[in-house]
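The following paragraphs lead the reader through the structure shown below, beginning with a salt bridge and its surroundings and moving on to sheets, aromatic rings and nonpolar cores.

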Amino acid sequence: MLTSLQNSLVKQIRKLHSTKERQKQQLFLLEGTHLLEEACAVNYPIVTVCCTPEWQTAHPSLWEEACRQCDRVEIVSEEVLKAIATTVNPDGVVATAQRDDRQTQVPFTGLVLALETVQDPGNLGTMIRTAAAAGASGLWISGDSVDLDNPKVLRASAGQWFRLATAVSDDLRATVQQSQEAGMQVVATLPTANLTYWEVDWQKPSLILLGNEGAGLSADLAAMADKQVKIPLSPGVESLNVAIAAALMLYEAQRQQQLKVTPDS
């Protein structure tokens, strides 16, 4: 059992709390039973699994599956587990997994989110979770946004991180142009738009543009949109949380697709 905080593996995993080290090591953290279950379910490349004796006893099947899929397993003390986790009360298991190139496979079809300079990991994780639930094809995010493999993003996604195609766009304008060339309509959210979001024909392949939590969508990206829409707000309310805005449009699109009703637009 690993009990020393000075152990080389413990030090290596603790470094993965930072963006710089995740990029350097090409690894990221999986914290908690549910994320490990989801990673195993899709055969995601796991490198190391660290768990307490109590966790191992309580989850024999997942432990066996993790042992089959990872390169290294270690039983660790509660103190070590708390040191390598980013959560205050870890549930007994922390793993590391490889960064990979699956984040280049967002199709230009169906329903896709494109996010500009989103900074809050909880918002990004929630949008990944919601997009997967609503049957979206994938999600693009600008390079100056929060890391896709930030630990809080993975936790907020409730495991859907492994099931939704995601990608970082080095040039979101070029990505928008590519989507248009592929036949997608680009829909931007702006408070000054004339159309409400339910007046769009969401049965068409669509790219939804959403902006930064504070500043919103940049003017140059908004200008590229084929349609600009607003979400009606009561007087005195300036804006909605970006994850809520995404959810409203994703589920309006799902509603239209299920009912096969094309609204006037």
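A residue is called buried here when its relative accessible area is under 20%, exposed when that area is over 50%, and partly exposed in between. The model to which this scale is applied is a predicted one. Arginine 22, at 1% relative accessibility, therefore counts as buried. Its side chain forms a salt bridge with aspartate 149, and the closest N and O atoms of the two are 3.5 Å apart. Because arginine 22 lies in helix α2 (residues 19-25) and aspartate 149 in the loop between β6 and α8, the pair ties together parts that are 127 residues apart in sequence. Aspartate 149 is also assigned to the buried class, with a relative accessibility of 4%.

In total, nine salt bridges are counted. A contrast in setting is offered by arginine 68 and glutamate 65, whose closest N and O atoms are 2.4 Å apart. Both residues belong to helix α5 (residues 60-69), where they are three residues apart, or about one turn of the helix. Arginine 68 has a relative accessibility of 59% and so counts as exposed, while glutamate 65, at 24%, is partly exposed. Another salt bridge joins the side chains of arginine 173 and aspartate 220, at 3.2 Å from N to O. This pair links distant parts of the chain, since arginine 173 is in helix α9 (residues 172-181) and aspartate 220 is in helix α10 (residues 219-224), 47 residues apart. Arginine 173 is partly exposed at 45% relative accessibility, and aspartate 220 is partly exposed at 35%. Arginine 22 and aspartate 149 appear again in a network, for salt bridges with shared partners join Arg22, Arg99, Asp147 and Asp149.

The strands may be considered next. Four of them form an open sheet in the order β1-β4-β2-β3, and their pairing is mixed. The edges are taken by β1 (27-31) and β3 (72-75); each has a single partner strand, so one side of each is left without a neighbour in the sheet. On average, neighbouring strands of this sheet are turned by 15 degrees against each other, direction ignored. Within the sheet, strand β2 (residues 46-51) and strand β4 (residues 93-98) are paired in the antiparallel sense through five bridges. Valine 49 has alanine 95 of β4 as its bridge partner. Helix α1 (residues 8-15) packs on the sheet and touches β1, β2, β3 and β4, with its direction at about 110 degrees to that of β2. Helix α3 (residues 33-41) also packs on the sheet, where it touches β1, β2 and β4; its direction makes about 150 degrees with that of β2.

Parallel pairing is found around strand β11 (residues 227-230). Three bridges connect β11 in the parallel sense with strand β8 (residues 185-189), and threonine 189 stands opposite valine 229 in β11. Strand β9 (residues 195-196) also pairs with β11 in the parallel sense, over two bridges, with threonine 196 opposite lysine 230. The two faces of β11 are unlike in their cover: Lys227 and Val229 make up the covered face, Gln228 and Lys230 the uncovered one.

The aromatic side chains give a further view of the fold. Seven aromatic pairs are found in the whole structure. In one of them, phenylalanine 28 and tryptophan 161 are tilted, with 5.1 Å from centre to centre and 55 degrees between the planes. Phenylalanine 28 is in strand β1 and tryptophan 161 in the loop between α8 (151-156) and β7 (165-169), so that the pair links parts of the chain 133 residues apart. Phenylalanine 28 counts as buried at 1% relative accessibility, and tryptophan 161 is buried with a relative accessible area of 0%. A stacked pair is formed by phenylalanine 108 and tryptophan 140, 5.9 Å centre to centre and with 20 degrees between the planes. Phenylalanine 108 is partly exposed at 26%, whereas tryptophan 140 is buried at 10%. Phe28 and Trp161 also belong to an aromatic cluster, together with Tyr44 and Phe162.

Trp161 returns in the largest nonpolar core, which has 52 residues; among the members that touch the most others are Leu36, Leu113, Trp161 and Leu210. Helix α11 (residues 242-259) gives the most to this core, with seven residues. A second, separate core holds 19 residues, including Trp140, Leu172, Met184 and Leu190.

Definitions and conventions: Residues numbered from 1 in each chain as written. Predicted model: local features only at pLDDT ≥ 70, side-chain atom pairs only at ≥ 80, totals over all residues. Heavy atoms only, no water. Pairing = 2+ DSSP bridges. Helix = DSSP H or I, 4+ residues; strand = E, 2+ residues; numbered from the N terminus. Axes fitted to C-alpha atoms, helices over the stretch in contact; angles between N-to-C directions. Contact = heavy atoms within 4.5 Å. Phe/Tyr/Trp six-rings, centres within 6.5 Å; stacked < 30°, edge-to-face > 60°. Buried < 20%, exposed > 50% of the residue type's maximum accessible area, 1.4 Å probe, protein only. Core = buried A, V, L, I, M, F, W, Y, C linked by side-chain atoms within 4.5 Å. Salt bridge = Lys/Arg side-chain N within 4 Å of Asp/Glu carboxyl O.
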